Amino acid sequence: MSLEIKINTLIHEVMTKLSLNERDFIYYKNKVSYLCGLEPADNNTTELSKSIPELLDDIITLLVAEQKIEDIFDFKEILSAQIMDTFISVPSVIETQFYQQYNRSPIAATDYFFNLSTVSNYIQSERIKNNIHYKTPTAYGDLDITINLSKPEKDPEEIKKLKKLEAAQHSKHYPKCMLCVENEGYAGRINYPARSNHRIVELNLNQEPWYFQYSPYAYYNEHAIILNKEHSPMIINKNTFIRLIEFVEQFPHYFIGSNADLPIVGGSMLTHDHYQAGRYKFAMDDAPSIYDFHLPQFADVSFDILKWPLSVIRLTSNNKEEIIAAATHILTQWQQYTDESIGLIAETDQPHNTITPIARFKDGNYELDLVLRNNRTTEQYPLGIFHPHQKHHHIKKENIGLIEVMGLAVLPARLKQDIQDIKAHLKNNALPYNPIHQEWVSTFDISDEDIDQYVDRALGHKFAEILQDAGVFKHLDEFKRFLLQL
């Protein structure tokens, strides 16, 4: 199929999905043809429709075959984003449309923006489908297991080329990071993602400008990122709780949470203050209470300790100011709390205690989960006392961030083959598997169960154990000692 027909088909598909005016077809054709180095012809033939990502891949493949573009991942991504940018409005227009939809309902606004971000191929929907994802029952509910396969890997030859190209470039400090507002419409460069088709929507949180966008590689439904206009580091304080509560006021169908603000227990991006939100129900949402208590100075707030592998206090109230004040009080007390009997020290040469907070709006009440975190290391636990322990590193040794705190495992791509090999070995002893998993596999007791299901479930139970490692209090009496400080 010719390049021109592929372009025509892409244009028709995008115009249909975004309800664009047929009057603009020729404009889009001329723009996209120019980007592809093609002289437009009076031919509007289309082929059987494919998905937009598939059509883009077809176009890029043809351009590489015709040597119109070099076969380098970053160059192909830059052109793909530029092609899709042709169809989407400038940020001010999108923001206006977002708030016009918001006047109908918050759901209408996010539906509009999510559809735009998907159709524009900013959300990499086809690549996300490559992820392995399933739920597995545990003592803490049905945890989500995800093996992350959505980000394409570069082959060694391409990496060599990129190093040469990057060395020829001057040092770049724009944008400062991948969360900065300056990414909106940024073309991209070698080893920096293409963002021509990227759009963000301004929000007012705590009388400050923040911005709403969707994650290009989503881990759950409508995975959104809420980012500070300023490139300032992550910090958890009273203002954090105000912003989280105000966000769920504005978008009550979404949850929102923040990674902790310290290394080891924080996320991968501590240099730019941001939160993650979305329209998804995690196992943590339904975690039952194992102990409730009251604080007389916050009479309108109920407090519960959850049955959860990490140490969580849930605050519930219809009083916005009081739940924020209560959360701030708990944070302040936690930041200075030490219990050396369990290895918990608040500060050495640096602070160690912080919180991973999550907010929701349910049945007319604000709900705020405060997950207590500590990032101290020792000789025995050089990566963190309350971090996945050595015996679990064959599965995961990376940080436990917000998404995993709520019960969704983000596991490394290497596990896809490892798990397949373990299953094959159990079905046929002669087949080898990665020896780093030998101790774990030796504990299996499968009997007559389905091997595939057993191993998948075992991986889920392993994730629950990893989360337990991150819990600062292993027993309720330890937790109650902290409550005395409140």
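This report walks through a predicted model, from its sheet to its helix packing, its enclosed spaces and a few residues with unusual backbone geometry.

**The sheet**

A good place to start is the open sheet, in which ten strands follow the order β3-β4-β5-β7-β6-β11-β12-β10-β9-β8 with antiparallel pairing. The edges belong to β3 and β8 (289–293); each has a single partner strand, so one side of each is left without a neighbour in the sheet. On average, neighbouring strands are turned by 25° against each other, direction ignored. Helix α15 (residues 476–483) packs on this sheet, where it touches β8, β9 (302–306), β10 (312–317) and β12 (365–374). The direction of α15 makes about 25° with that of β8.

Within the sheet, β6 and β7 run antiparallel and are joined by three bridges. If you would like to find this pairing on screen, look for phenylalanine 255, whose bridge partner in β7 is glycine 278.

**Two packed helices**

Helix α5 (residues 91–104) and helix α6 (residues 106–119) have axes that come within 5 Å and cross at roughly 145°. From α5, the contact is made by Ile94, Gln97, Phe98, Gln101, Tyr102 and Arg104. On the α6 side, the residues are Pro106, Ala108, Ala109, Thr110, Tyr112, Phe113 and Leu116. By class, this contact has nine nonpolar residues, three polar and one charged.

**Enclosed and open spaces**

How many cavities of 30 Å³ or more does a search of the whole structure find? The search finds one. The largest cavity holds about 50 Å³ of space. Its lining consists of Ile88, Phe113, Leu116, Ser117, Ser120, Tyr122, Asn197, His198 and Arg199. Two of these names, Phe113 and Leu116, will be familiar from the α6 side of the helix contact.

The second largest pocket is lined by 16 residues, and those nearest its centre are Trp440, Thr443, Phe444, Lys462 and Glu465. Two elements, α13 (438–441) and α14 (451–470), give two or more residues to this lining. The most comes from α14, with six residues.

The table sets the two spaces side by side.

| Space | Volume | Residue classes in the lining |
|---|---|---|
| Largest cavity | about 50 Å³ | four nonpolar, four polar, one charged |
| Second largest pocket | about 330 Å³ | five nonpolar, six polar, five charged |

**Residues worth a closer look**

Most residues other than glycine have a negative phi, and most peptide bonds are trans. Against that background, a few places in the loops stand out.

Tyrosine 174 and proline 175 are joined by a cis peptide bond, with omega about -15°. Proline 175 sits in the loop between α8 (156–168) and β3 (201–205).

Asparagine 206, which is not a glycine, has a positive phi of about 55°. This asparagine lies in the loop between β3 and β4. Is asparagine 206 buried or exposed? Its relative accessible area is 17%, and because the cut-off for buried is under 20%, asparagine 206 counts as buried.

Isoleucine 264 also has a positive phi, near 80°. Its place is in the loop between β6 (255–257) and β7 (274–278).

Finally, serine 215 belongs to the loop between β4 (208–214) and β5 (224–228). Its relative accessibility is 8%, so serine 215 counts as buried. Leaving aside residues up to four places away in sequence, serine 215 touches Ile123, His223, Ala224 and Ile225.

Methods
Residues numbered from 1 in each chain as written. Predicted model: local features only at pLDDT ≥ 70, side-chain atom pairs only at ≥ 80, totals over all residues. Heavy atoms only, no water. Helix = DSSP H or I, 4+ residues; strand = E, 2+ residues; numbered from the N terminus. Buried < 20%, exposed > 50% of the residue type's maximum accessible area, 1.4 Å probe, protein only. Contact = heavy atoms within 4.5 Å. Pairing = 2+ DSSP bridges. Axes fitted to C-alpha atoms, helices over the stretch in contact; angles between N-to-C directions. 1 Å grid on protein atoms, 1.4 Å probe; cavity = no way out; pocket = protein on both sides within 12 Å on 5 of 7 lines; lining within 4 Å. Points joined across faces, edges and corners; volume = space filled by probe spheres on them. Nonpolar A, V, L, I, M, F, W, Y, C, P; charged D, E, K, R; others polar.
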